[in-house]
Amino acid sequence: MKRYTLLIAMASICSLTIAVQPVWSQVAETTAGMVDLERRASEWGASLSFDPLTGTGFVLRGQDLLRFKLGFASYMTGNGTLLRAAAPELYENRLRISQTTSSAIATWFADRDADRASRTTVVAILIDPGHGGKDPGAIGEHGAGSTKLRIAEKDIVLTIAKDLHARLTAKWPDKRIMITRAGDSYPSLDDRVEMANQVELTVNQAIIYVSVHANASFNKNASGYEVWYLNPDYRRTVVDSKKSEGVDKEVLPILNAMLEEEYTTESVYLAKSISGGLELSFGTSTVNRGVRADEWFVVRNARMPSVLVEVGFVTNEAEARLLSSEGHLRKLGDGIYNGIVSFVEYFERRKGPSAP
Ligand SMILES: [Zn+2]
């Protein structure tokens, strides 16, 4: 009886030994404060590469690269910054790192993910040449006889917008570059805004709206370009009710205020970018009337960063003559193009939606 019990006891110990072996080795690893780097790398979804001759290697996960060297308490990231943590070491032909280093690397990978998730991409740009068809916009009539000139806003802005559309399409084949009209037609203001609002966007995607117009004034001397954005005091509903189903009714006004602030900040930056681009094109040869705020219909109803560019005055004879020349229109297109490119590059480079 006694012998029999002993046998059972031995069998139990054997099965126990087999069952808990991985736990024991983990305990041993933890006791030493060191963990196996290859095993950790596979837990992070990363691959490990090591050259025993130079004692250097790297951990790679997607675009995230971390280089290391035996005995060096710094890990170099793909962009050259250093992550300070205890050096990796070789133990029985296996690379191992401390628990603290392991946590530091895991946090670094998590930060890279968070950084990518918070980056916003401009997926669409809508160029809107104002007026068209039955609506000529502002008309400039100057001179007489052989110097007679008649220009219509709808034609000038269409030329600039089509040039801009072609250049942006060539620059960014992956973005959706749209135009509200490609000929002498008249989409209503509602149609134009709807085109922009219909673009399906995920949380980190954005669309920008650039409306192109030409000015008129009773003051025949008024000249130059200006860029308008929405007056920040103007209250509007920017949260799309279709997209906010299920959102707490009390939260909606808060979300709305946040988005409004966001679009205003971005619209101001876009306006300044375009104004700067135009100044780069013209220097002091054309008056820069600056960045202005108002409650234009198109800008007001577009739920996205949006601006309106007034390219010049058709009522000023000298400017009207410039606006009827292809070279001047191309320069205007250049300025707006450069402004949009610099805005988009800034927008996509920064980290969070409201980071400077
Ligand atoms: Zn207009």
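The zinc ion is coordinated by His-131 (NE2), Glu-153 (OE) and His-213 (ND1), at 2.1 Å. Donors here are N, O and S atoms within 2.8 Å of the metal (3.2 Å for Na, K and Ca), and because water is not among the atoms, sites may look incomplete. Along the chain the donors of the zinc ion are spaced as H-x21-E-x59-H. Two of them link distant parts of the chain: Glu-153 belongs to helix H4 (residues 153-171) and His-213 to strand S13 (residues 205-215), 60 residues apart. Glu-153 counts as buried, at 3% relative accessibility, and His-213 counts as buried at 11%. Buried means under 20% relative accessible area, exposed over 50%, and partly exposed in between (1.4 Å probe, protein chains only).

This is a predicted model, in which local features need pLDDT of at least 70 and side-chain atom pairs count only at pLDDT 80 or more, while totals for chains, interfaces and linings use all residues. Residues are numbered from 1 along each chain as its sequence is written, and side-chain values use heavy atoms, with hydrogens and water left out.

The protein has nine helices and 16 strands. Helices (H or I, at least four residues) and strands (E, at least two) are DSSP runs, numbered from the N terminus. Of the 356 residues in the protein, 43% are buried. Among contacts with a separation of 6 or more, 69% are between residues 24 or more positions apart; contact means heavy atoms within 4.5 Å.

One of the zinc donors, His-131, is also in contact with Arg-181. Arg-181 lies in the loop between strand S12 (176-179) and helix H5 (189-197). Arg-181 is buried yet has no salt bridge, and the nearest side chain of opposite charge, Asp-184, is 4.4 Å away. For charge, Lys and Arg count as positive and Asp and Glu as negative, while His and the chain ends are not counted. A salt bridge is a side-chain nitrogen of Lys or Arg within 4 Å of a carboxyl oxygen of Asp or Glu. The side chain of Arg-181 does reach the backbone oxygen of Pro-129, at 3.3 Å. Leaving aside neighbours within four places in sequence, the contacts of Arg-181 also include Gly-130, Lys-154 and Arg-192.

Elsewhere, the count comes to 16 salt bridges. Three of these pairs are set out below.

| Pair | Closest N to O distance |
|---|---|
| Arg-61 and Asp-64 | 3.2 Å |
| Arg-167 and Asp-334 | 2.2 Å |
| Glu-317 and Arg-321 | 2.9 Å |

Arg-61 is buried, with a relative accessible area of 16%, and Asp-64 is buried at 4%. Arg-167 in helix H4 and Asp-334 in helix H9 (residues 326-349) are 167 residues apart and link distant parts of the chain. Arg-167 is partly exposed at 28%, as is Asp-334 at 25%. Glu-317 and Arg-321 both lie in helix H8 (residues 317-323), four residues apart, about one turn of the helix. In addition, Asp-36, Glu-38 and Arg-94 are linked in a network of salt bridges.

Most residues other than glycine have a negative phi. Glu-92 has a positive phi, near 50°, and Asn-93 has a positive phi of about 65°. Glu-92 lies in the loop between strand S7 (89-91) and strand S8 (94-98), and Asn-93 lies in the loop between S7 and S8. Glu-92 is exposed at 66% relative accessibility, and Asn-93 is exposed at 76%.

Terms used: Polar contact = N/O pair within 3.5 Å; in protein donor to acceptor, adjacent residues only side chain to side chain.
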